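I opened the notebook to record, entry by entry, what I looked up in this structure. I began with one residue and worked outward from there.

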Amino acid sequence: MFTKPRAVTFINFLLLFALLAPFPLPASGEGIKGWGNQRPPLPLTPSPLAERGRQQPQRERRVATPGKTATPPLTPTPTPSPVPSVTPDTVRPELPQESPQPTATPAVVATKAATTRSLAELQARISDVLRKPELASAMVGIKVTSLDTGKILFEENADKLLRPASNMKIYTVAAALNRLSPDFRFVTSVYAPAKPDADGVIKGDLIIYGRGDPSFAARFNNGDYFKGMNDLAERIAAAGVKKVKGDLVGDESHFTGPRYGSGWEWEDLQWWYGAEVSALTINDNALDLSVKPGTEVGKPAVITTGPPDPLLKISNRVTTAARRSRRELNVDRDLGQNTMTISGSIALDDKGYTAGVGISDPAQLFVYLLRDALARKGVTVTGKSRTVDGRSGGSIIPKGVLALMSNTSEGPAPVELVSFQSPPLSLIAAQTLKPSQNLYTELILRTLGTVVLPKPTSPDPIRTSEAAGIEVVKTFLREAGVTPPTLVLTDGSGLSRNDMVTAEASLQLLTYMSRHRYASVFRDALPIAGVDGTLRNRFKGTAAENNLRAKTGSLSSAASLSGYVTTAAGEKLVFSIMVNNFSGDIEPRVVCIDPIAVLLASFAGKSK
C-alpha cells in the first residue's frame, strides 16, 4: 500500500496525465532541430542579405527576444564622410564594428520518410500528409510530374489560385533569362556636357544615369559596402576628370512609376525586404541597423548603421537595462522620411539586436557616397548634389539627360565619359533567387519593361516600368505554354498579397525552363536543399539534401516550394506545393511542404 504522501503524489500524477492526454505531441520529425518537438520563437532580426521565414513585420516593430549574434564581421573599407549635426537625442550613423549579417533560419528537420516503392504507396503517403488536422482550414495546391515520362504522380487543387509569395520570383527571373539572356549586364553611365578640358575640368553638371544595376552592394563585393562606389569613382577619375564646375546629379528617370511595388503593404515598407525601387540603387537600398547596450545600466544604447548614412537622423531613446532583463525595442521609420526613432531598453549583457531597414531616397545616398568617393580620388565638385526622377512620366536616356543639362531639351547631346557594367545576369539571377531578394527582382522586372518594350495592351499612353515589365512576363508565359489570363500578376517579387498563381502554372513554367536553352543557368540559380540560399537549413540528413533545387516562398499566410528533385530511383521530377490560409501557429514547412518533398526524393519506384 502507498503511504499517504506517495498516494497524493501518485494521484497528482494521474491528474496531470489526464490533463495532458488530449494534447498529442507532434509526429516524429515535425519539431525544429535543437528544440525537440517545441516550436522555437521565429527570428526577429531581418537582414538585407537573407529571406526571413514567415515573419510578420510591422512599421513600428517591437522586439522582445534577444537576437542572435552577428556572424564573423565583414571588413568594409572605412569611409571618412561628413555627418549630420547631432542633437541630444540623435546618434551619429557610424560603421558598426560588426556588420550585421543574415541570421540563419532555425533548421527545419524534415521527416526522414521511409522509402516508398510503388506509385500507389507514394500517393497514399502524400495524401496522409495533406489530411493532417493542422491543415484542416488551409488550402493546399500541389502537383508533381515526371520530367522523364511526363506522367502526373500526384495533384490536388492544382488549378486553384493561391498566393505564391516568393515563388513569383521564378516567373520574373525566367522571363528575364529568356528575353535578356544570361550575359545581359546593367549599365550605369556617367555623362557631361563635354569631355574634360586640358586641366581636367568639366564645365557643367556631372550626371550619373542609373539603369537598375543592383551590384553596387556588399553582396557583390566580398562584404565591402563601398567597393562598388570606389570603383565607379576611380573610373571617373581615370576619364581625366579633376574638377566639376557644376552639380553632381543622380538621374533615376530610367524607371517610371511609384517607388514601391504594386500591392505592397505598408507594414513591409520600413524593412529591407520592402526597400524602395530606384534606377540608382546602393547597398540593397537598406541599412544594417545595430543596437547594443551601453557601458553601464542607465546609459544610452549604442546605435550604428552599416553603411553609415549621413542623411539619416536617428533618435536614440534606448536605455541600457539590468542584466538578464527582457529586451524591449521599438523601431519606427516614417515613410519618405530620413528619420528613424528607436526606443525601449536592452539588457547590459545583451549581445545586440540587428535588423535590415529600408532607406528613403536611395538615389540621393548614391550621389552623396559617390561625391565622397570622388573627393578621396582628388576630384572636386563645386555645385550641389541632387537627383532627378521620372515619376512624372516616361523618359529615355537622351531626353532625360538633356533635360538635366539645361532648361530646354534642345542643344548638343551629352558625352558619355564612363560606362560601368554590372556582373552578368546569370550571377544576378542566383543572387536574386537563392536569398530571395525582393529588390533585385523588382529591378529585373522594370528592366524588362524598359528594355524589351512590350506592345501596350491598353489605350493608356502612360504606363509604369513595372506594368510594362509584367506585360513582358505575360507574353513570355504564353510562349512557355502557361495561360496568363488565369493568373494575377501585380509585382515581380511576390511581396504583393494580390499575386495569384496556380501550382499547375508554376509546374508548367518549371517544365518549360527544364528544356530551355538556358536551363542550366536557371537551375543553378535556385537554392539547393541543405546547402545554400533559403534552403541551407532545411532537409539536412534527408534524401533531398544536395538534391532538391527549388524556390521557397513565405508570407504571413502563404508558403510555397516549387522546383526539381531526383528520386531514389533516379527519375527527375518537377513539383509545386503551395499552402495558403493556415493559422498563425502552424508552420507549413514542417507540417506539409518538407515532408512531401522528402517523400518525393525517397521514392524508389517509377512513375510508370
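**Entry 1.** Leaving aside neighbours within four places in sequence, which residues is F476 in contact with? I was working from a predicted model, and in it I found F476 in contact with A174, A175, N178, R179, L509, Y512 and M513. I placed F476 in helix α9, which covers residues 465–479. I noted a relative accessible area of 0% for F476, so I entered F476 as buried. I also looked up one distance, and found that the C-alpha atoms of F476 and A174 lie 8.8 Å apart, although 302 residues separate F476 and A174 in sequence.

**Entry 2.** I then turned to the chain as a whole. I counted 12 helices and 21 strands in the protein chain, and of its 608 residues I noted 58% as buried. Taking the contacts between residues at least 6 apart in sequence, I found that 74% join residues at least 24 apart.

**Entry 3.** Next I looked at helix α3 (residues 168–180) and its packing on helix α8 (residues 438–451), where the two axes come within 10 Å and cross at roughly 40°. Because of that angle I wrote down α3 as oblique to α8. I recorded the crossing of α3 past α8 as left-handed. From α3, the residues that I found at this contact are K169, T172, A175, A176, R179 and L180, and they meet N438, T441, I444, L445, T447, L448 and V451 of α8. Sorted by class, this contact of α3 with α8 holds 7 nonpolar, 4 polar and 2 charged residues. I noted that A175 and R179 are among the α3 residues that meet α8, and that A175 and R179 are also among the contacts of F476.

**Entry 4.** I followed the chain past α3 to S181, which I found in the loop between α3 and β5 (187–192). I read a phi near 85° for S181, a positive value in a residue other than glycine. I set beside this the general point that most residues other than glycine have a negative phi, and that most peptide bonds are trans. S181 has a relative accessibility of 19%, and since the cut-off for buried is under 20%, I counted S181 as buried.

**Entry 5.** I looked up two further backbone features. F539, in the loop between α11 (519–525) and β19 (549–555), has a positive phi near 70° and is likewise a residue other than glycine. I counted F539 as buried because its relative accessibility is 0%. I also found a cis peptide bond joining G306 and P307, with omega about -5°, and I placed P307 in the loop between β11 (302–306) and β12 (313–321).

**Entry 6.** For helix α7 (residues 425–433), I listed L425, I428, A429, A430, T432 and L433 as buried. I then asked which elements are included in what covers the buried residues of α7. I found α3, α8, α11 and β19 among them.

**Entry 7.** I compared a second helix pair, α2 (residues 119–130) and α12 (residues 588–602), which pack at an angle of about 170° with their axes 9 Å apart. That angle makes α2 roughly antiparallel to α12, and so I entered the pair under that heading. I found L122, R125, I126, V129 and L130 of α2 meeting V591, C592, P595, I596, L599 and L600 of α12. By class, I recorded 10 nonpolar residues, no polar residues and 1 charged residue in the contact of α2 with α12.

**Entry 8.** I looked at L248 in strand β9 (residues 248–252), and I entered L248 as buried because its relative accessible area is 0%. Apart from residues up to four places away in sequence, I found L248 touching L206, I208, V367, L370, R371, L374, V381, K384, S385 and R386. For one of these, V367, I noted a C-alpha separation of 7.0 Å from L248, with the two positions 119 residues apart along the chain counted as their sequence separation.

**Entry 9.** Last, I asked where R219 is found, and I located R219 in the loop between β7 (206–209) and α4 (227–238). I counted R219 as buried because its relative accessibility is 17%. I found its side chain making a polar contact with the side chain of D284, at 3.4 Å.

Methods
Residues are numbered from 1 along each chain as its sequence is written. This is a predicted model: local features need pLDDT of at least 70, side-chain atom pairs count only at pLDDT 80 or more; totals for chains, interfaces and linings use all residues. Side-chain values use heavy atoms; hydrogens and water are left out. Axes are lines fitted to C-alpha atoms, for helices over the stretch in contact, and angles run from 0 to 180 degrees between N-to-C directions. Helices (H or I, at least four residues) and strands (E, at least two) are DSSP runs, numbered from the N terminus. Angles under 35 degrees count as roughly parallel, over 145 as roughly antiparallel, 65 to 115 as roughly perpendicular and the rest as oblique. Contact means heavy atoms within 4.5 Å. Ala, Val, Leu, Ile, Met, Phe, Trp, Tyr, Cys and Pro count as nonpolar, Asp, Glu, Lys and Arg as charged, and the others, Gly among them, as polar. Buried means under 20% relative accessible area, exposed over 50%, partly exposed in between (1.4 Å probe, protein chains only). A crossing is left-handed if the near helix is turned anticlockwise from the far one by less than a right angle, and right-handed if clockwise. A polar contact is a pair of N or O atoms within 3.5 Å; within protein, one must be able to donate a hydrogen and the other to accept it, and residues adjacent in sequence count only if both atoms are side-chain atoms.
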